[in-house]
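Good morning, and thank you for making time on the agenda. I should like to take you through one structure, beginning with its helix packing and ending with its metal site.

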Amino acid sequence: MELTMDKIIKKAVEFKPLTFMANQLIGHYVTIFMIHRPLSKENNYQGLNPQLLDECLTYAKQLGFVFASIDEIWNDALNGVKAQRPTLCFTIDDGFEDQLTDLVPVLLKHNAKPTLYVLVDFVDNLNWPWDYKLIYLINKTNIAQLKFTHRDQEFTFNLSTPEEKIISRRALVRYMKYLPQADFKMLMDEITEKLQVALPTKIPEPYVAAKWDDLREYEKKGLRIGSHACSHRVFNSLSLEEVNEELVRAKTRLAEELQSPSNIFCYPSGTSLDYSSEHAPLLKELGYSGAVSATPGNTNYEFIKNDPYNIRRHSFPGSLDRFIRYASWFEAMRSKLK
Ligand SMILES: [Zn+2]
């Protein structure tokens, strides 16, 4: 049903008089995409195929979309500069090496002005993101069921098939991401032990972070790099002091290593449950003019100007039809840009 809908919307978008009229009506809307990892050698993770990305960018240009970086969009929004056409923006989260080698070059080839949001502890090789550790552990384990008791509640996760592993891992991440730091660390240790997989001291190949040298090279080629904080713990699981410590450390490290880091921040995980309005003042204090979330939807310049610390993004989809739909005036209208 949704797939048929995607096709109908694509046809409607391709019908130029209708698209012209709709764009006049809705004005200068913006679609910001959130990209995660490329299709990888590692199973249990559905990444973005670089060929699909290439196809989507080619198609978007043919349809007359323009590309702008998140910083450009924010500046235009602030200065009241109106976009002439619907604008697309591309952001990539986390800072893996394969994002730099497999996805960024495709975006740069199309002059799509991407921004890569890096986890600073990860790039500094201090730690790898906890949620990716869980992917690793659950991929590698041979046990068919994970059972534990936490806060008097019993948990059972089925790990008997690759499909069940994905479902269980997502549920586990959803539970663990809101635990306070001490609780979280204890449970992480317990789970690691129960899964009977040793976590390697050196980050294993499919999970390697981008290197500062390479980030600097890509910065020269037009990639903007921004802060995604340090650890990938969601802000609502940390105290304000802990959040502030991560923000300051990330900002300092980016300023030390790079020429011109993005002025827009990217919340770890970033759903409306993962951060709160208490975090915007901390960002503002550090000089960040705005922040991108993971709340799905299109946006426009008024929205961004009025609510700069809750900028919406669409997760980059798995098909061209869905990509066109997310970028379309139809979806922009559905996002109620008033
Ligand atoms: Zn992330």
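At what angle do helix H5 and helix H10 pack, and how far apart are their axes? Please bear in mind throughout that this is a predicted model. Helix H5, residues 97-109, packs against helix H10, residues 212-220, at an angle of about 5 degrees, and the axes are 11 Å apart. Angles under 35 degrees count as roughly parallel, and H5 is therefore roughly parallel to H10. On the H5 side the contact involves Glu97, Leu100, Val104, Pro105 and Leu108, which meet Asp214, Leu215 and Tyr218 of H10. By character, the residues of this contact comprise six nonpolar, no polar and two charged.

Let me stay with helix H10 for a moment, since tryptophan 212 lies in it. Is tryptophan 212 buried or exposed? Its relative accessible area is 9%, and the cut-off for buried is under 20%, so tryptophan 212 counts as buried. Beyond its neighbours within four places in sequence, tryptophan 212 is in contact with Val123, Asp124, Arg253, Leu254, Glu257 and Leu258. Take leucine 254 from that list: it is 42 residues from tryptophan 212 in sequence, yet the C-alpha to C-alpha separation in space is 9.3 Å.

I turn now to a second pair of helices. Helix H7, residues 130-140, and helix H9, residues 181-194, have axes that come within 11 Å and cross at roughly 15 degrees. That angle makes H7 roughly parallel to H9, and the crossing is left-handed. From H7, the contact is made by Trp130, Lys133, Leu134 and Leu137; from H9, by Phe184, Met188, Ile191 and Thr192. Those residues divide into six nonpolar, one polar and one charged.

Finally, the metal site. Which protein atoms serve as donors to the zinc ion? They are the OD of Asp94 and the NE2 atoms of His228 and His232, lying 2.1 Å from the zinc ion. The spacing of these donor residues along the sequence is D-x133-H-x3-H. Aspartate 94 belongs to strand S3, residues 87-94, while histidine 228 sits in the loop between strand S7, residues 224-227, and helix H11, residues 240-257; the pair therefore ties together parts that are 134 residues apart in sequence. As for accessibility, aspartate 94 counts as buried at 1% relative accessibility, and histidine 228 is likewise buried, at 1%.

That concludes my presentation; I welcome your comments.

Key:
Residues numbered from 1 in each chain as written. Predicted model: local features only at pLDDT ≥ 70, side-chain atom pairs only at ≥ 80, totals over all residues. Heavy atoms only, no water. Donors = N, O, S within 2.8 Å, 3.2 Å for Na, K, Ca; no water. Helix = DSSP H or I, 4+ residues; strand = E, 2+ residues; numbered from the N terminus. Buried < 20%, exposed > 50% of the residue type's maximum accessible area, 1.4 Å probe, protein only. Axes fitted to C-alpha atoms, helices over the stretch in contact; angles between N-to-C directions. Parallel < 35°, antiparallel > 145°, perpendicular 65-115°, else oblique. Left-handed = near helix turned anticlockwise from the far one by under 90°. Contact = heavy atoms within 4.5 Å. Nonpolar A, V, L, I, M, F, W, Y, C, P; charged D, E, K, R; others polar.
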